[in-house]
Amino acid sequence: MNNIPLVHFLYLAAILFGVGMFGVLARKNAISVLMGIELMLNAVNINFLAFARYWNWNSLTGPVFVVFVITIAAAEAAVALAIIISIYRHLHTANVDDAHFLRG
Amino acid sequence: MFPVLATILLPFAVSFALFHSVVQGPNILPVLSTLIVAPIIAAFLVMIAPEKYARWISLATASFALGLGVKLFLNYQMGISGFQFVEEIPWLKNLGISYILGVDGMSTLMVLLVTCVYFAGALISWNISLRRKEYFVLFSLLVGGVAGAYESLDLFFFFLFYEFAVLPMYLLVGIWGTGRKEYAAMKLTVYLLAGSAFMLVGFLAIYFTSNIHTFDIRALSDLSATGLSVSFQNTWFPLLFVGFGVISALFPFHTWSPDGYGSAPTAASMLHAGVLKSLGGYSIIRVALPLMPDGAKHWLPYLAILALINMLYAAIVALKQTDFKYVIAYSSVSHCGTILFGICTLEAAGLNGAVIQTFSHGIVAAMTFALVGTVYGKAHTRELSKLGGLTACMPVLGALFVAAAMANVGLPGLSGFVGEFLVFLGSYQSGFHGGFTIFQALFPMGVLAIVLTAIYYLRLVQMVFFGPVKDPHLKEEVKDGSFIEILPIAFLLIVSLMVGLYPKPFVDMSNLSIAPLIDNIGGFK
Amino acid sequence: MIQYSWLIPAMPALAYVLITIFTKRSRVLSASISVLTMTACFGLSVGVLLDLLKLDPANRLVTFGATWLQISPWQANVGVLIDPLSVNMLLIVTFISLLVQIYSLGYMHDDERFSTYYSYLSLFTSSMLLLVVSNNYLQIFVGWELVGLCSYLLIGFWYFKPEAANAAKKAFVVNRIGDMGFLMGVVTIGMVFQTFDFAQVKVLVAQGLANHTLASGYVAGIAILLFCGAVGKSAQFPLHVWLPDAMEGPTPVSALIHAATMVAAGVYMVARTYNLFSADPMSMTIVAWVGGFTAIFAASIALAQDDIKRILAYSTLSQLGYMIMSLGVGGYTSGMFHLTTHACFKALLFLGSGSVIHSLHEQNIWKMGGLWKKMKITTWTFAIGTLAIAGIPPLAGFFSKDAILEAVRDSTIWHHEILYYAAVFTAFLTAFYMFRLFFVVFTGEARDKHSFDHAHESPISMTGPLMLLAFLSVVVGWLNWPGVDAYSKFVYYGDLHLDGATSFIQLLTQSWLSIVVATAGITLSAFFYYWKIFSSEKVATTFKPLYLLLKNKYYFDEFYGWIVDNILFALSTVLKWFDDEVVDDGMVDGTGWVARKMGGLLSLTQTGYVQNYALVVFGAVAVIFLLVSF
Amino acid sequence: MIQVQAFLPELWLVGSAFLVLIVDLIQKPTSTKTLLKGIAVVGVLAALLSLCCVGGCGSCPFGSCGSMESVPQAFGGFLKTDTLALFFKFIILMATLFTLLISFRYFKANPTHYTAEFIAVLLFSAAGASALTSAQEIITLYVALETLTISSYLLASFMKKDKASNEAGMKYLLLGAFSSALLLFGFSYLYGFTGTTVISEIGKILATQVSSPLLTLAVIMIVAGLAFKISLAPFHMWTPDVYEGAPTPITAYLSVASKTAGFAAFVRLFWVGLSVPALQPTWIGLFAVLAVLSIVLGNLEALPQRNIKRLMAYSSIAQAGYISTGFLAGGQLGLTAVLFYLFVYLFANMGVFLAISIVYAKTGSDQIEDYAGMWKRSPLIGIVLLVCLLSLAGVPPFAGFSGKWYLFGAAISKGYTWIALVGMVFSVVSLYYYLQIARQALFPEPKDPSPIEMNWLEKSVLIICVVFTITLGFWPTPVMQMAQSAASSLFN
């Protein structure tokens with residue numbers, strides 16, 4: 001697969017990022033929004049790996065970064081779910097639009 | 001009465017004794033810093049001391065300061081022009097900031113003015129009962145700030161003290177005021193700080209544009225050294241002028257002044273009208289002119305029109321006011337117009353006139369506000385329609401008010417005349433240079449102001465003190481001013497008389513700083 | 001003595017301070033301080049006069065002074081200038097005010113602010129003397145303003161009377177208008193000549209005119225500016241309106257300030273700065289015509305007035321007009337001479353009317369009558385004063401007024417003949433209305449029984465000065481007894497030249513016309529008011545419009561009142577509205593309002609919907625990217 | 001080699017965090033939490049002290065930093081605690097200390113069972129923030145940043161019973177995650193262009209490159225991601241909601257500590273990594289726009305606010321704008337100004353929030369009108385509000401004034417006079433709403449005159465805030481010198 005040029009990966013990542021962003025902006029369910037964010041992060045991961053291959057595999061910077069991103073994403077998700085659950089306790093819904101009491 | 005006199009005379013004597021040795025060269029005692037620090041220390045003392053001592057402490061400090069002011073005036077060496085009693089402490093070297101105090105002729109006069117008004121104000125506030133402690137704390141802080149502003153020769157500290165004075169004023173008006181006090185306080189503060197916004201940016205711009213990176217006014221006053229370009233000056237001079245002008249109630253930025261004075265407590269309006277307001281004209285002469293002479297030459301003829309509008313517009317508006325204090329406030333605006341007009345002439349006579357008028361306006365406005373406050377305290381109304389014939393029940397105050405009115409009207413023998421006359425002289429002279437200038441047109445209109453002033457002040461005297469007593473039970477209840485009420489007013493009147501009867505020392509004093517300035521700038525020639 | 005002349009203004013000032021600070025309580029002390037200082041001043045003035053007479057007539061001028069303030073190139077001095085002119089004024093002022101102060105002992109006896117009254121009198125005298133002895137334009141202006149202040153204080157002395165308060169204000173403001181011109185003139189002088197000193201200015205003007213570095217028109221301009229001041233102070237047309245109202249003040253004050261001294265200051269000032277006026281015919285013409293017009297104008301008004309003091313006030317106006325006119329036509333000496341004589345007989349007349357008012361508490365002449373039965377001295381002295389002002393030889397008025405008429409006749413200014421006949425006619429009118437006054441008040445039957453019954457002759461403190469003044473009103477004129485011409489040799493401008501009669505008979509023959517008109521005036525008024533052959537009412541009804549016109553002083557007060565109300569105060573109302581609504585509420589509060597509103601609107605963007613926020617973030621990034629890259 | 005000094009403060013924080021958790025496990029649930037609080041405070045204090053050893057001198061925190069022979073570093077230079085880092089750390093740790101104090105009072109008012117967890121999470125996030133300041137490399141920077149933010153999500157939504165707190169947490173989290181995704185995307189391209197994640201290396205490599213749209217995009221995304229953290233408009237939208245909803249101590253913490261950390265990241269990344277001719281004009285211009293936007297929006301939107309916490313949120317947006325003017329001016333002068341202002345901002349803001357939480361504990365309200373007559377109920381609080389708020393408004397003689405003086409001075413020195421003008425004009429606007437609070441506190445008589453009590457510790461802290469805020473106004477010299485040495489350490 002060495003003959004797949006870099007830009008293809010980048011396009012893929014960009015599209016994925018866009019999809020994720022759409023999720024964040026458009027979906028109403030908090031969980032789906034979260035998933036959108038995860039997609040964006042994964043798009044970033046693709047970028048990193050692609051670039052890492054493009055430069056050289058000897059420096060592990062790219063992969064290492066990816067590992068960190070995944071870990072942090074996991075942590076983030078954990079916290080997120082916790083918060084969403086506790087929101088659910090109050091509003092009995094996970095719709096992000098229903099939490100709009102702080103405004104103005 | 002006697003304890004009061006003692007509280008006045010002792011500290012006065014002490015300050016004299018303390019500073020008898022203050023002369024040129026390495027002076028033992030930092031007299032200028034003392035003038036700033038003394039009120040601030042007084043503020044702390046008031047804070048910690050029990051409430052009943054508050055007024056005594058501040059009175060003692062006031063008369064101590066008065067002693068210093070007089071001493072300064074006497075010890076200033078007329079032979080040497082330039083700054084004296086200089087104190088210099090490096091503050092932030094690599095930012096060109098250092099703590100520099102010093103006075104030349106003009107600022108010596110101003111310091112004297114500050115101390116006089118401080119003294120009178122401390123006496124006038126004698127019977128403040130509401131939150132007395134805080135009142136005197138703020139009052140003293142205010143004075144400290146103003147004194148600093150007049151003494152500091154470093155733009156950073158100048159600005160710092162300048163605004164330091166604004167803040168206590170906000171609280172004084174807001175807490176001890178009358179009427180729409182909170183509105184007035186807010187308006188006053190926001191206004192003055194808005195004006196100073198331009199100042200700050202202007203100062204920084206000067207600092208970074210000039211070739212010598214310093215905030216030291218003395219160094220910056222040398223255009224050849226700073227090398228500020230003409231275009232720069234033309235951009236920044238008007239902004240600075242307006243910035244300073246705001247605090248001198250320059251039209252159309254004057255409306256804070258009537259509301260502010262209308263609702264400020266007596267001593268606050270005395271200090272504000274007498275001292276803080278004078279800061280505007282002072283700073284124009286101290287900072288704007290020497291730093292940016294070319295900009296001045298370019299703009300002053302136009303700004304003169306604004307100043308003239310101040311004189312006439314405020315005077316005309318004063319004619320129809322229905323509130324005692326508002327008339328005084330507008331008259332003060334009009335007089336500040338005279339000051340600014342004098343500055344705009346850019347002539348030795350005009351600028352000296354402006355300085356003397358500043359001093360005179362300080363004293364006279366303070367005196368007038370003191371009178372209004374005292375009368376209001378007795379009659380409990382400032383509605384001109386309700387007042388009338390008060391001379392019957394308060395002859396002394398009535399006589400003093402007539403004197404104050406005459407000082408405002410610019411009657412010879414009182415301080416007002418000297419300043420106005422010099423301003424007119426200067427404006428005409430300024431009109432003389434380089435053929436026709438706008439001043440030849442403005443000069444007669446300026447003179448018109450003295451008639452208007454006469455009209456509204458005499459109207460005031462007539463409506464308040466002459467004629468039959470409108471409100472019968474005023475006649476029984478109201479008594480004439482007590483010793484403690486008369487004392488400050490009489491004191492200010494005497495100062496005004498001194499200037500009016502023998503202005504030479506004062507004019508010489510101010511000329512010490514004006515003459516070199518004019519030599520540098522060289523008028524509109 | 002001359003070196004002490006600076007004491008003359010200084011002492012009354014000191015008296016003022018003493019009375020105000022220490023002796024307010026004690027009437028006796030205050031009065032005595034004031035009167036004694038005034039006596040001293042008078043004595044000193046006489047001493048100065050004698051010293052001056054010792055000097056050679058060519059250079060009777062002594063001046064010295066000290067610096068008052070100094071800004072290069074100017075040096076304003078406070079100084080003393082003693083020459084015949086100022087000595088003349090010194091004597092008048094000190095003497096009259098001494099008499100008035102003695103007179104006031106009786107007249108103001110019952111007033112509770114007795115001490116204050118005397119302190120004001122001292123202050124006035126001091127500032128008047130400061131004006132008189134001044135040796136520079138600035139100081140004369142200072143004194144000028146100060147007498148204005150004192151006039152304000154004394155007119156408004158009975159402050160609780162609304163009319164008094166109004167009159168005081170009016171007097172000050174109207175004077176202020178004239179002073180505007182004066183001040184501008186002084187400033188201009190300072191500008192052009194770089195000095196305020198009379199002597200130096202005189203020299204500079206002469207040089208400038210000689211070598212044409214100075215346009216005479218320019219000097220005329222300055223002169224006219226100064227003259228504005230004179231118009232205000234000497235109540236010349238059109239600034240005459242304040243003087244009649246000023247009669248609200250105590251009568252001795254009217255005698256001192258508004259008849260003898262202060263109102264004459266304008267004349268004095270013109271005389272003092274005569275070199276400026278004489279530099280250009282234009283200014284002279286203006287001066288002459290203003291004076292002449294005022295003379296006849298005021299005299300005509302006096303015909304139809306009923307208040308005893310107002311009649312005298314208008315006659316003062318017209319006499320001042322005489323003096324001004326005389327100066328205008330070059331009759332320097334005659335003008336000053338008339339000033340002197342007028343000071344005597346007009347003071348006499350006012351004090352006499354004061355004594356009448358004192359006994360009747362009444363000012364309307366139609367409620368008086370037959371007073372000669374009750375008040376002999378007053379009547380006789382008043383008669384002398386009336387004859388004097390009417391210009392009946394050999395009383396004082398005759399000599400001075402006739403000198404003026406001569407001067408007008410011989411002058412060369414524009415249409416001087418018209419002025420001359422106007423002046424003559426004025427003389428006729430003067431005689432008429434003065435005797436109208438005299439006949440109505442003193443002769444015939446009492447019209448108001450009640451007030452007549454408790455009428456009584458005034459105390460000696462009042463009648464004494466009356467008699468003294470009456471004596472003077474007779475003899476002062478003799479200073480210029482034909483052939484003697486003592487006064488003309490003492491006070492003159494330029495080089496001395498004596499024209500006119502050398503003997504009294506010759507004088508009478510020369511001036512037959514003025515005598516004729518005077519007697520004609522007297523006779524006519526006798527027909528009207530003494531023998532009552534003609535009825536003044538009938539005349540009044542037949543010429544009703546004219547009568548009303550005169551009665552209402554040509555409606556000048558109404559006219560000025562209209563201007564003040566409908567122009568000045570209207571403007572003030574408009575500007576006040578502008579200030580409150582536009583500048584303040586509109587501009588200032590408006591800014592704050594806009595800021596708050598904008599804040600409110602902007603904070604609507606905080607919808608509380610999390611995805612809107614995200615959208616904003618995304619949008620911002622997108623927009624920025626587009627902007628940056630393209 | 002690894003020098004422990006490089007991450008000594010973080011060690012202290014994390015250590016004390018774990019200790020707190022463990023002790024909480026050992027303790028019986030009913031016991032008072034005083035011990036935990038003690039541990040936490042001691043831990044933070046120890047961290048503060050450890051700054052001295054890092055500084056390499058026993059005496060004062062920053063005394064001899066300028067003359068330090070070697071900058072302690074660890075993990076192959078990924079963590080390097082230079083003087084700049086020290087300065088930031090000091091501010092962050094002080095903020096943490098204040099936050100702890102505030103939180104003690106806050107939890108007295110509405111108690112929670114999870115004091116230990118709160119403290120621990122707070123300390124973790126503080127550790128993250130403090131690590132962030134010395135991160136020399138993008139991965140480290142990112143990890144530290146996330147440590148900071150993720151734990152602050154938790155903190156923001158800590159009051160489980162409180163709906164507002166939950167909502168705040170959720171908004172903060174979703175938006176925070178979103179923005180860090182943007183940030184990461186930017187990082188990924190940056191990595192792609194340079195092949196390294198070491199900031200200084202990036203700078204070297206980019207120095208030779210020309211600008212390209214993608215690179216610009218990367219920069220923009222990084223700016224967006226970080227600007228979110230310091231709540232620069234238009235990435236500020238979350239701030240008011242979160243500040244209002246979050247527990248007061250956390251609001252204080254976010255407004256100071258996480259802002260400071262954000263600026264630390266900015267300074268390193270942009271003035272070391274991206275200050276290359278190809279990019280600098282772009283992002284400086286960008287910052288100019290953002291700064292002005294935040295100043296304008298923050299101040300204007302603050303005007304109609306009635307809730308003091310929300311108002312402080314908008315004010316903090318405006319403050320971020322002010323600080324950015326110094327940041328974009330850059331150079332020795334600009335960074336000094338930024339550091340000094342942050343220092344000043346720390347005391348002013350913390351003073352206000354401590355006062356807020358004390359008042360809240362008494363009245364249970366954050367509405368401004370409930371501050372009426374504070375001068376009578378507690379003069380000290382009245383003074384604190386006056387002094388600190390006016391310092392934020394930049395009125396002499398308070399510290400905020402000299403702070404703004406340097407910030408705008410820096411901006412003007414680089415020719416951004418117009419920004420300075422806008423800044424000054426709008427600080428007058430800000431004066432309006434700050435004074436509204438002061439007015440409420442000082443002018444009227446209180447509705448309920450019952451005095452507001454506080455313990456000696458809070459009293460002294462408030463007094464410290466006031467004293468610092470006043471003293472730094474007219475005598476900023478010592479702190480300025482530290483800030484200068486700190487700023488200079490970035491460039492050598």
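Author: Let's begin with one term: two residues are in contact if their C-beta atoms, placed from the backbone, lie within 7 Å. Please keep in mind that this is a predicted model.

Reader: Thanks, that helps. Among the five pairs of chains that touch, which has the most contacts?

Author: Chains B and C have the most contacts among those five pairs. Chain B brings 40 residues to that contact and chain C brings 37 residues.

Reader: Which elements of chain B give two or more residues to the side that touches chain C?

Author: Five helices of chain B do so: helix 14 (293–319), helix 16 (348–379), helix 18 (415–432), helix 19 (438–464) and helix 22 (504–521). Helix 19 of chain B gives the most, with nine residues. By class, this side of chain B holds 28 nonpolar, nine polar and three charged residues.

Reader: And how many residues are in contact between chain D and chain B?

Author: There, 25 residues of chain D meet 23 residues of chain B. On the chain D side, two or more residues come from each of helix 16 (399–413), helix 17 (417–442) and helix 19 (477–491). Helix 17 of chain D has the largest share, eleven residues. The side of chain D that touches chain B divides into 20 nonpolar residues, four polar and one charged.

Reader: What about chain A and chain B: how far apart are their closest C-alpha atoms?

Author: Those atoms lie 25 Å apart, and no contact joins chain A and chain B.

Reader: I would like to look at two helices from different chains. How do I describe their packing?

Author: Two packed helices are described by the angle between their axes and the distance between the axes. Take helix 3 (residues 61–91) of chain A and helix 6 (residues 163–194) of chain D: they pack at an angle of about 165 degrees, and their axes are 9 Å apart.

Reader: Why are helix 3 of chain A and helix 6 of chain D called roughly antiparallel?

Author: An angle over 145 degrees counts as roughly antiparallel. The angle here is about 165 degrees, and therefore helix 3 of chain A and helix 6 of chain D are roughly antiparallel to each other. Their crossing is left-handed.

Reader: Which residues make the contact between helix 3 of chain A and helix 6 of chain D?

Author: From helix 3 of chain A, the residues include A:Gly62, A:Val69, A:Glu76, A:Ile83 and A:His90. From helix 6 of chain D, they include D:Lys163, D:Gly169, D:Leu173, D:Leu184 and D:Tyr191. By class, this contact has eleven nonpolar, five polar and two charged residues.

Reader: Now for the backbone. Where are the cis peptide bonds that I should look at?

Author: Two examples involve a proline. In chain C, a cis peptide bond joins C:Phe237 and C:Pro238, with omega about 5 degrees. C:Pro238 sits in the loop between helix 8 (216–233) and helix 9 (242–245) of chain C. In chain D, the bond from D:Ala233 to D:Pro234 is cis, with omega near 0 degrees. D:Pro234 is placed in the loop between helix 8 (213–229) and helix 9 (238–245) of chain D.

Reader: Is C:Ala235 buried or exposed?

Author: C:Ala235 is buried, because 30 other C-beta atoms lie within 10 Å, and the cut-off for buried is 20 or more. C:Ala235 is found in the loop between helix 8 and helix 9 of chain C. Its phi is positive, near 50 degrees, in a residue other than glycine.

Reader: And what is phi at B:His380?

Author: Phi of B:His380 is also positive, about 60 degrees, although B:His380 is not a glycine. This residue lies in the loop between helix 16 and helix 17 (395–409) of chain B. B:His380 counts as exposed because it has 12 C-beta neighbours inside 10 Å.

Reader: How does D:Thr471 count, given 16 C-beta neighbours inside 10 Å?

Author: With that number, D:Thr471 counts as partly exposed. D:Thr471 is part of helix 18 (residues 456–474) of chain D. D:Thr471 and D:Pro9 are 462 residues apart in sequence, and C-alpha to C-alpha they are 28 Å apart in space.

Reader: To finish, how many helices and strands are there in chain C?

Author: Chain C has 27 helices and two strands. Its C-alpha trace spans about 120 × 65 × 55 Å along its principal axes. Of the 630 residues in chain C, 56% are buried.

Conventions
Residues are numbered from 1 along each chain as its sequence is written. Chains are lettered from A and ligands numbered from 1 in the order in which they are written. This is a predicted model: local features need pLDDT of at least 70, side-chain atom pairs count only at pLDDT 80 or more; totals for chains, interfaces and linings use all residues. Axes are lines fitted to C-alpha atoms, for helices over the stretch in contact, and angles run from 0 to 180 degrees between N-to-C directions. Helices (H or I, at least four residues) and strands (E, at least two) are DSSP runs, numbered from the N terminus. Angles under 35 degrees count as roughly parallel, over 145 as roughly antiparallel, 65 to 115 as roughly perpendicular and the rest as oblique. A crossing is left-handed if the near helix is turned anticlockwise from the far one by less than a right angle, and right-handed if clockwise. Ala, Val, Leu, Ile, Met, Phe, Trp, Tyr, Cys and Pro count as nonpolar, Asp, Glu, Lys and Arg as charged, and the others, Gly among them, as polar.
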